[in-house]
Amino acid sequence: MWPKDISAYGYWVDDTMILVSVITVAVAILSFVIIVYSLIAFRQSRNMQATRRLGAISKLVYLDVVLLVLDIVIVSFSSIGWSHVIQGRNELIKEHKNYVETRVIGRQFFWSFVYPGLDRKFGTNDDFTLGNYLVVPVDTTVILTLTSGDVIHSLFIPNLRVKYDAVPGRETTEWFIAKRVGDYPITCTQLCGSGHFMMQARLKVVKKDEYERFLNNYKVWLEEQNSKSEYTAYGEYNHN
Amino acid sequence: MTNKHHAHPNYLLIWIVLCGLTTLSILTSVLLNPRHHIEFRDLAAFILFALAGVKAVLIALNFMHLRFEKILIVFAILVPLTLLLIAFFGFMPDAIVTLKR
Amino acid sequence: MESIITIEDMHTEHQGFIRRYIFSTDHKVIAAQYLITALIWALVAGLLASIFRTQLALSQKSILTPESYNAAVTMHGAIMIFWVAMPLLIGAFANLCIPLMVGAKDMAFPGLNMLSYWVFFLSSIILISSFFVPSGPAPFGWTIYPPLSADARFTAAKPGEILFLFALLLEFASMLMGGINYITTTISLRTRGLGMMRLPIVVWMQLIAALVFLFAVTPLVAGIGFLLLDVIVGTSFFRVTAQSQGDPLLWQHIFWFFGHPEVYVVLLPGLGIIAEVFASHTRKPIFGYKSIVYATIASAVLSFVVWGHHMFVSGMNPSLSYPFAVTTIAISVPFSVILVCLALTLWNGSIRFTSSFLFALGSFAAFIIGGLTGLFLGSQVLDVYLHDTYFVIAHFHYTIFPSVILASFAGIYYWFPKLFGRTMNEFWGKVHFWGTFIGFNVFAFPLFFLGIAGGPRRYYDITHIDYLRHFQWIHILSTTGAVLLIAFQTPFIINFFVSVFRGKQAERNPWKATTLEWLAESPPPHRNWNGMVPVVVNDPYEYSPEGEEEEDFKPQGILIPRDEVLREGTNAPTGKH
Amino acid sequence: MHQLESTDTVMESRLESQSAIGQSAVGIPSSKLGMWVFLSGEVLIFGGLIITCVLFRLSYPQWHEFSGETNALTGSINTFVLITGSFTIVLAHKMVDQGNLKSAYLYIFLTIISGLLFLAIKAIEYAGEIEHGYNFHSGPFWAFYYGLTGFHAVHVFTGTVINTVVLILISRRKKPGNPSSLVENAGLFWHFVDIVWVFLLPLFYLS
């Protein structure tokens, strides 16, 4: 149903989704069974005189409530785990030294991805910017630093189960570890104007050595990419 | 029809106290003026807002007769103040962390 | 003094047409005015929805441009929340129910009540006028997120936006006037013997909704003031410019500090209507009156500390998001209590399937789905993925639509006698219900799957996105449902107006219900009680009491001539019982 | 005292013309209750404005340099004016309760004067600041300054109008309630405006 999970932490989302769905559906079915049964059993033609006592039904209701509470517990525990993953960002970055960072700037209506170049430092003159084209190495911690040039945008990568807003005037960070090489969609999910629905980009997950080649000379690399794929990415020149 | 709602406190006294507090706060802002000695900036702000709070409470309790009203009406003021507190501490972690400030 | 009051009652009857039906201070007339205005707005917003859904389904033909699509989406949301839900539940039903059910002659401040309607009418006029300004109505979503909404560089529709914001302010002002009336009336105009714990559920819900609205909307009024300054004067409270640094997130905080309680403002009165209809149509007392009341209060209190769950991915400080997730999940407990109590009210009842009961039941069933899917969005884990996708759309349509539209229909069929003195046609009512209910589910349920597939909301077209291209059928299916839903409102409209003029005359108590309003004539005269006084002797829902032969219900109150009551002295009923 | 309360409740509640039993269920006259509900809303409006302002202040360490620019003199004078206005209106209420309407008129009149005086001083102050070239666009401090003090000035104006209407009503002896509760409610609004100013003074002028 939903896009394939390629992230190291996407299982959080998928497992919670399945678990919560199962229990929620159970609660729903139980409730609807109770309701429909009472509609049939206690319609006026069958049950002329209403009585205030409840009887055995209360047990079923306990079951219903128990399931709901279970659901709540699971949801909040998964939230604990997830907030550890999100807030443990800094520790996690400390533990794998070799992360790559990319700056993301949202504008009406395209994404600019700023790469630090080989020296892995921003503000040096080997930085370069690609429009609507995010290239990341596989099995590596990738940190995206998002900001916006005009209005609020939201960077959504369905396969990585990550989504974060790019807010003008502040820098928000998002991170992930992509587990498999490939070519994936990126969309904007925060209404940003009339071209909102056109604000699409591509995520390209490549092998580590290929990522080095890309940083080394991205123009050549783009040429061969564009010759291979139907999707043509265009580069911008160093803007600093 | 002369129906007393409640006892009327000594309003003149309250008024004098309020004027005194106002004078005090003006003196504070003159003596601890942050433009001259920056180190007193937060202290001065604290004193001034504390004085303002005292004045507000005096007015509310005496002039607005909250001392004599039923608990229901006291809640009509306490609830919004609580909500303001919640809102303030809910907004704070975001509002004071932005770039270029 | 008594003499003064009675004289006042006598000579209110011979007034001119204008005074009685247009600029009337009678709460029932004002309720009818609110009702009809809100239904017209609902029709407008529904037609808007069917237009842009058609655009979504037939993505090749361009019925709307992307700009007008955004404007249509924005107007649909804003109208449905502020110009349909609020006037229907807070305007119409609170105006109709509260004075009758607490046994008062009218609202505490009838003049303010009339003013409230006419301010609302003015705001409607202003909003309509924003459709006809050159650049069209506001296009930035009903949440009005700056900087898109705050900055002239990004907003094509500046006059439309300014008109929209002013209309919004006026609407809030009118609803606040109403709210002051409802709170004061419920607290201080209760008749003798009617302690707070004997109020009908719907009055409780409307009182709490009015309080929540009062406390939630006022910060937003301040926020809209700032936003208007940004838009008109060009300050930067929420804008980010080279010179000065506003804070876009501050608006989201202020907005959602209002926005989440607002959900309960439009939700609780609907649940109250469901409760009334359930009790009178199952001939049983509401199960767990006290627990429903306390759960409602708890959810109202909690609703002020959950706003952050709308901002999990908005760049909000991550340390805030876990507390908000926990409070959000916690708030589902009182609601599950309320729903379980309502479900148990059906058990061992003797159920009458009138169209108003059908609507209440449909509302109840649909709201269960809405509430349960809320659990998905309450957890940060899933919300990060599902945020701003069609899952959210489906979720809140499953909560708002039942509690506003379906519950209001239930209320209309139920209280129609008290409004117009006639009853509506049952057969067409049932046709209307089945069409509406099926149409709604066909429209809303598929959207859950589009959301799980990661389809972002407010997209003009999804066929050019490769991972969504195969899900176009969902849009087509759901558009079919929406059109069905709109089409099946025609029997209601015809039924409504025919019944107003030539419906069957209704007696005082057509449903054999207990609460006070059924003691009055239908429709009640101008000051409701014809010089009598309703005095409360029973709890609100004394249906099928043990050892009761001739009637299966005990009315909550009895009518006593006023001078008798006043002779007994003036011991006011306290809140405690 | 308690005896007094209860009889007072009776006197008041005779006026509840909308209640079927002619009296308030909780002993608080509806007019006063409605006024307080309205005020609790107002608390949140001004409170929202003020906490937003404080949040901006916390993120601008150099705020005091701006607030030094405002005219602390007129601000302080206005504080005294408003406090005196509250004092006179509450005395008017006391006089009405004691049936001494003549001096009640005088005190309400003084309150109206204080309101007008406040607005006059405020106008002079604005004129001065605009002369110095400060307007809405001169940064967030000035936006907040004009926004909040302006909104407050609107309230002062409204309060003055209300007081005038009350004066006319009770002096013409056409009372749509008893004059005491009329004056009391007008006074409640006026005191609220006063309290708001008490907080605006340190926020914009002193610190």
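In chain A of this predicted model, strand β5, residues 141-148, pairs with strand β8 in the antiparallel sense, over six bridges. Within that pairing, A:T141 stands opposite A:I177 of β8(A). Strand β8 itself covers residues 172-177 of chain A, and five of its six residues are buried, so the strand is largely enclosed by the rest of the structure.

I turn next to the open sheet of chain A. It comprises five strands in the order β4-β10-β9-β6-β7, and the pairing is mixed. Which strands stand at the edges? They are β4, residues 133-137, and β7, residues 162-166, of chain A; each has a single partner strand, so one side of each is left without a neighbour in the sheet. Disregarding direction, neighbouring strands of this sheet are turned by 25° against each other on average.

For the edge strand β4(A), the partner is β10, residues 200-206 of chain A; the two run parallel and are joined by five bridges. One position to inspect on screen is A:V135, which stands opposite A:K204 in β10(A). A helix also packs on this sheet: α4 of chain A, residues 208-216, touches β4 and β10 of chain A. The direction of this helix makes about 135° with that of β4(A).

Let me place these elements within the chain as a whole. Chain A is divided into domain 1, residues 10-87, and domain 2, residues 97-236. Taken over C-alpha atoms, the centres of these two domains of chain A are separated by 42 Å.

On confidence, chain A has a mean pLDDT of 83, with 86% of its residues reaching 70 or more. Which elements of chain A mark the lowest and the highest mean pLDDT? The lowest, 47, belongs to strand β11, residues 234-236, and the highest, 94, to strand β6, residues 153-157. Over residues 235-240 of chain A, pLDDT stays under 50, and for this stretch the model has 13 contacts beyond four places in sequence.

I move now to the contacts between chains. Five pairs of chains are in contact, and of these, chains A and C share the most contacts. To this contact chain C brings 69 residues and chain A brings 71 residues. On the side of chain C that touches chain A, the elements giving two or more residues include α4 (66-101), α8 (248-282), α12 (355-378) and α15 (426-452) of chain C. By class, the residues on that side of chain C are 42 nonpolar, 19 polar and eight charged.

Chain D presents another arrangement to consider. Its secondary structure comes to seven helices and zero strands. Of its 207 residues, 58% count as buried. Considering contacts in chain D between residues at least 6 apart in sequence, 73% join residues at least 24 apart.

Where does chain D stand in relation to chain A? The two chains do not touch, and their nearest C-alpha atoms are 14 Å apart. With chain B, by contrast, chain D does make contact, through 44 residues of chain D and 46 residues of chain B. Among the elements that give two or more residues to this side of chain D are α1 (2-13), α2 (30-59) and α7 (179-206) of chain D. The largest share, 11 residues, comes from α4(D). This side of chain D has 25 nonpolar, 14 polar and five charged residues.

I close with some details of the backbone. Most residues other than glycine have a negative phi, and most peptide bonds are trans. Against that background, A:Q108 and A:F109 are joined by a cis peptide bond, with omega about -10°. A:F109 is found in the loop between β1 (100-107) and β2 (110-115) of chain A. In chain C, the peptide bond from C:P146 to C:P147 is likewise cis, with omega near 0°. C:P147 has its place in the loop between α5 (110-129) and α6 (158-188) of chain C.

The loop between α5 and α6 of chain C also holds C:I144, whose phi is positive, near 55°. Is C:I144 buried or exposed? With 24 other C-beta atoms within 10 Å, C:I144 is buried. A positive phi, near 60°, is found at C:R458 too. This residue, C:R458, lies in the loop between α15 and α16 (472-487) of chain C. C:R458 is buried, with 20 other C-beta atoms within 10 Å.

Terms used:
Residues are numbered from 1 along each chain as its sequence is written. Chains are lettered from A and ligands numbered from 1 in the order in which they are written. This is a predicted model: local features need pLDDT of at least 70, side-chain atom pairs count only at pLDDT 80 or more; totals for chains, interfaces and linings use all residues. Two residues are in contact if their C-beta atoms, placed from the backbone, lie within 7 Å. Helices (H or I, at least four residues) and strands (E, at least two) are DSSP runs, numbered from the N terminus. Ala, Val, Leu, Ile, Met, Phe, Trp, Tyr, Cys and Pro count as nonpolar, Asp, Glu, Lys and Arg as charged, and the others, Gly among them, as polar. Two strands pair if DSSP finds at least two bridges between them. Axes are lines fitted to C-alpha atoms, for helices over the stretch in contact, and angles run from 0 to 180 degrees between N-to-C directions. A residue is buried if 20 or more other C-beta atoms lie within 10 Å of its own, exposed if 12 or fewer, and partly exposed in between; C-beta atoms are placed from the backbone. pLDDT is the predictor's confidence in each residue, from 0 to 100. Domain bounds come from an automatic or database domain assignment.
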